[in-house]
Amino acid sequence: MRGQWLKQLCGGLTVIVGLATQSLAATPSQTTPARVGPVLVNVEARAGQDLSGAWHWSVDPYRDGLAGFHGAEAGPGHRRHDDVDVDAVTRANPQALYEYDMRRSPVVHLPASWISHDETMRYYDGLVWYQRTFTATKTPGQRAFLRFGAADYVARVYLNGKPVGIHEGGFTPFAFEVTSLLRTGENQVTVGVDSVRSADTVPPTVTDWETYGGLTRPVRLVLTPATYIDDAWVRLGDDGRLRATVRLQGTRPGDTEVRVRIPALSLTLKGRTGADGSWTGDAAEPSALKRWSPEQPALYEVTVEAGEDRLVDRIGFRTLEVKGHDILLNGKPVFLRGISLHEEELGKNPTRAMTPGAARALLGEVKHGLHGNFVRLAHYPHSEVMTRMADELGLLVWSEIPVYWRVNFARGETLETARRMLAENILRDRNRASIAFWSVANETPVSDARNAFLARLAADARALDDTRLVTAALLIDRVQEKGQSVMVVKDPLVSHLDVAAVNTYNGWYSDDALADLPGIGWRNDTGKPLVFSEFGADAQAGFHEPGLKRKFSEEFQAEYHRQTLAMSEKVPSLRGLSPWVLKDFRSPRRQHPVYQQGWNRKGLLSETGQRKQAFDVLAEHYRKLEARQAHTEQARAP
Ligand code: GCB
């Protein structure tokens with residue numbers, strides 16, 4: 001059975017979790033991507049209400065709100081999601097017993113992870129209830145949705161006391177239709193967010209980053225016409241044609257006129273949807289089009305109209321392909337001058353509330369400080385705020401799903417969860433010109449089950465989007481040949497990828513002397529471009545030890561980068577770098593009492609943004625590569 005999104009389960013409750021079992025042996029080419037709930041692409045352009053702001057919260061470590069007395073069906077003593085004004089009821093009936101009162105629970109500003117709600121929540125892992133009210137007006141013929149940017153890890157959503165849906169996965173958007181439950185006047189929305197992960201979740205329990213449980217991205221009430229534009233994808237194909245695909249949902253999605261306009265190019269594509277509500281049209285690339293690139297991040301206003309619905313977005317157009325060892329952006333070879341980063345804002349107490357200002361501060365350091373043209377947004381889909389900022393600043397993006405380390409690859413439901421996450425991520429961001437790579441995994445140990453699992457994801461990515469490259473961050477093998485250490489790309493998954501990317505930590509996780517790194521050999525027989533998707537060394541900002549070059553000193557980290565970059569210059573098929581990592585990030589498993597204190601210190605910036613010595617080493621290297629690329633392009637110009 002194919003993985004699915006189950007609708008109409010339990011009387012209208014929508015469940016978006018990995019549910020179905022299926023044979024892992026099926027060949028990837030037979031797949032169609034996982035089905036997801038409403039896409040509501042370009043959500044910020046839609047009518048409705050931003051429900052960011054003040055929410056009440058209540059911690060529920062024993063999950064009483066879901067199961068009450070002795071774990072049986074919950075009674076009113078516990079159900080935080082009930083549509084009841086506890087205060088009013090107990091005023092009328094002083095003997096009524098309630099052991100919660102959401103309306104008088106403390107208030108926090110969302111979106112934000114609960115780790116910053118108060119000190120007791122710093123390492124909380126479990127269920128937390130959130131509730132707020134909002135006013136709405138019901139209009140006949142209008143549909144209403146609750147759309148969540150992300151809830152980490154499982155979210156249970158209730159409107160006016162009634163369950164509307166469950167979603168699994170901490171980093172991708174989801175929406176539930178609430179047309180019939182919405183009231184004119186005051187409405188109450190309640191969300192139970194549970195951060196607990198297991199061996200079967202994606203990612204599993206152990207990761208090298210902070211969990212950041214909670215409602216970490218905006219919640220919106222979205223209002224649409226009865227038939228609405230659910231998805232609209234506008235891109236430049238590798239065949240040089242400008243193409244639009246629009247999918248309508250609703251009461252009459254078929255035989256509806258669709259118009260896609262780019263006024264600055266005087267271009268209009270139009271047609272009528274088929275019976276399934278979809279339409280694709282294309283046109284020759286307008287000669288006036290300025291293609292998007294890091295050097296010239298040109299974005300165009302694009303309007304999509306269908307029936308009563310209309311969306312406006314800003315979209316860039318470019319081509320991307322691989323030829324031999326080269327990655328071609330707009331037909332020209334590009335070397336990726338990148339860096340990896342987590343979704344964590346600068347500052348002593350990040351809470352994963354990514355605002356445009358916070359995104360600009362991080363990505364600005366990559367673009368202007370490091371002379372970069374590329375970011376790896378590790379290890380899960382980052383906020384849309386980041387990918388939109390990358391579009392605007394001109395940074396190519398590696399976008400990835402959290403198939404990280406030891407996922408339960410043999411379990412069909414886990415595969416379905418990963419497939420749905422991949423689909424939710426791609427459908428959210430297909431219009432972002434900056435996205436260059438869909439990555440399906442990070443450092444996963446090779447096995448038959450894992451190879452089949454990831455091959456399926458790679459096939460899904462291609463089926464959803466033929467304008468990006470598919471990759472994964474792989475482990476690298478080290479062999480001895482004629483007395484020399486040689487790094488060899490052996491992972492069989494490469495045959496399903498466009499680009500072979502490897503994480504390499506010689507000199508940090510190995511005892512190699514730093515001076516020996518440039519002497520290490522590299523062999524890439526895959527015939528594909530190679531990218532170093534990670535390399536790095538911890539340093540505590542301000543810890544200096546020039547003579548000894550001990551691990552954790554700024555000098556050691558700087559030298560590590562110098563020597564690794566020298567090694568990288570000797571790898572002929574190398575086409576990009578994304579060292580680990582832009583900024584120190586929270587990681588509960590990094591507890592060296594002096595140097596780490598709960599932070600992974602491989603950042604070239606400290607958590608507050610202080611540049612370490614290695615920052616300048618990388619910036620200098622990228623400045624040279626940038627000049628080299630400009631020089632080559634000049635020489636090639638007619
Ligand atoms: C890796 C992982 C990354 C870790 C990093 C490290 O290979 O992909 O998630 O944080 O190494 O610092 O060890």
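**Group meeting: a predicted model with its ligand**

Let me start with one residue, Arg-352. Its relative accessibility is 2%, so Arg-352 counts as buried; the cut-off for buried is under 20%. This is a predicted model, so please hear every value as computed. Arg-352 sits in the loop between β25 (336-341) and α2 (356-369). Its backbone stands out too. Phi is positive there, about 55°, although Arg-352 is not a glycine.

Trp-405 shows a positive phi as well, about 55°, and Trp-405 is not a glycine either. Where is Trp-405 placed? In the loop between β27 (396-400) and α4. Is Trp-405 buried or exposed? Its relative accessible area is 22%, so Trp-405 is partly exposed.

Now the whole chain. There are 638 residues, and 62% of them are buried. The chain has seven helices and 37 strands. Along the principal axes, the C-alpha atoms fill a box of roughly 85 × 60 × 45 Å. What about the radius of gyration? For 638 residues, a compact globule would come out near 26 Å. The protein chain has 25 Å, so the two agree.

Next, helix α4. This helix runs over residues 412-429, which makes 18 residues. What span should we expect from that? At 1.5 Å a residue, 26 Å. The end C-alpha atoms of α4 are 26 Å apart, so expectation and model agree. And the cover on α4? Of its 18 residues, 18 are buried.

A second helix deserves a stop: α6, residues 554-568, where Ser-568 has its place. Ser-568 has 6% relative accessibility, so it counts as buried. What does the side chain of Ser-568 reach? The backbone oxygen of Leu-565, at 2.6 Å. A general reminder here: an α-helix has 3.6 residues a turn, so residues three or four places apart point the same way.

On to the cis peptide bonds. One joins Asp-152 and Tyr-153, with omega about 15°. Tyr-153 is in the loop between β8 (143-148) and β9 (154-159). Another joins Ala-378 and His-379, with omega about -15°. The loop that holds His-379 runs between β26 (374-377) and α3 (384-393).

Keep His-379 in mind, and turn to the ligand. How many residues surround the ligand? The count is 14, and the closest are Asp-208, His-379, Tyr-404, Glu-443 and Tyr-509. So His-379 appears twice in this talk: in a cis peptide bond with Ala-378, and among the closest residues to the ligand.

What is the make-up of that shell by class? Five residues are nonpolar, four are polar and five are charged.

Now the contacts, one by one. Asp-208 places a polar side-chain atom 2.5 Å from an oxygen atom of the ligand. For Tyr-404, an N or O atom in the side chain is 2.6 Å from a ligand oxygen atom. Arg-590 also contributes: a polar side-chain atom of Arg-590 lies 3.0 Å from an oxygen atom of the ligand. How much of the ligand does the protein cover? On its own, the ligand has 320 Å² of accessible area, and the protein covers 97% of that.

To close, three places to look at on the screen. Find Arg-352, buried and with a positive phi. Find the cis bond between Ala-378 and His-379. Then find the ligand, with Asp-208 and Tyr-404 among its closest residues.

Technical notes
Residues are numbered from 1 along each chain as its sequence is written. This is a predicted model: local features need pLDDT of at least 70, side-chain atom pairs count only at pLDDT 80 or more; totals for chains, interfaces and linings use all residues. Side-chain values use heavy atoms; hydrogens and water are left out. A residue is near a molecule or strand if one of its heavy atoms lies within 4 Å of it. A polar contact is a pair of N or O atoms within 3.5 Å; within protein, one must be able to donate a hydrogen and the other to accept it, and residues adjacent in sequence count only if both atoms are side-chain atoms. Accessible areas come from the Shrake-Rupley method with a 1.4 Å probe; for residues, only the protein chains shown count as cover. Ala, Val, Leu, Ile, Met, Phe, Trp, Tyr, Cys and Pro count as nonpolar, Asp, Glu, Lys and Arg as charged, and the others, Gly among them, as polar. Helices (H or I, at least four residues) and strands (E, at least two) are DSSP runs, numbered from the N terminus. The expected span of a helix is 1.5 Å times one less than its number of residues. Buried means under 20% relative accessible area, exposed over 50%, partly exposed in between (1.4 Å probe, protein chains only). The radius of gyration is taken over C-alpha atoms; the globule rule is 2.2 Å times the number of residues to the power 0.38.
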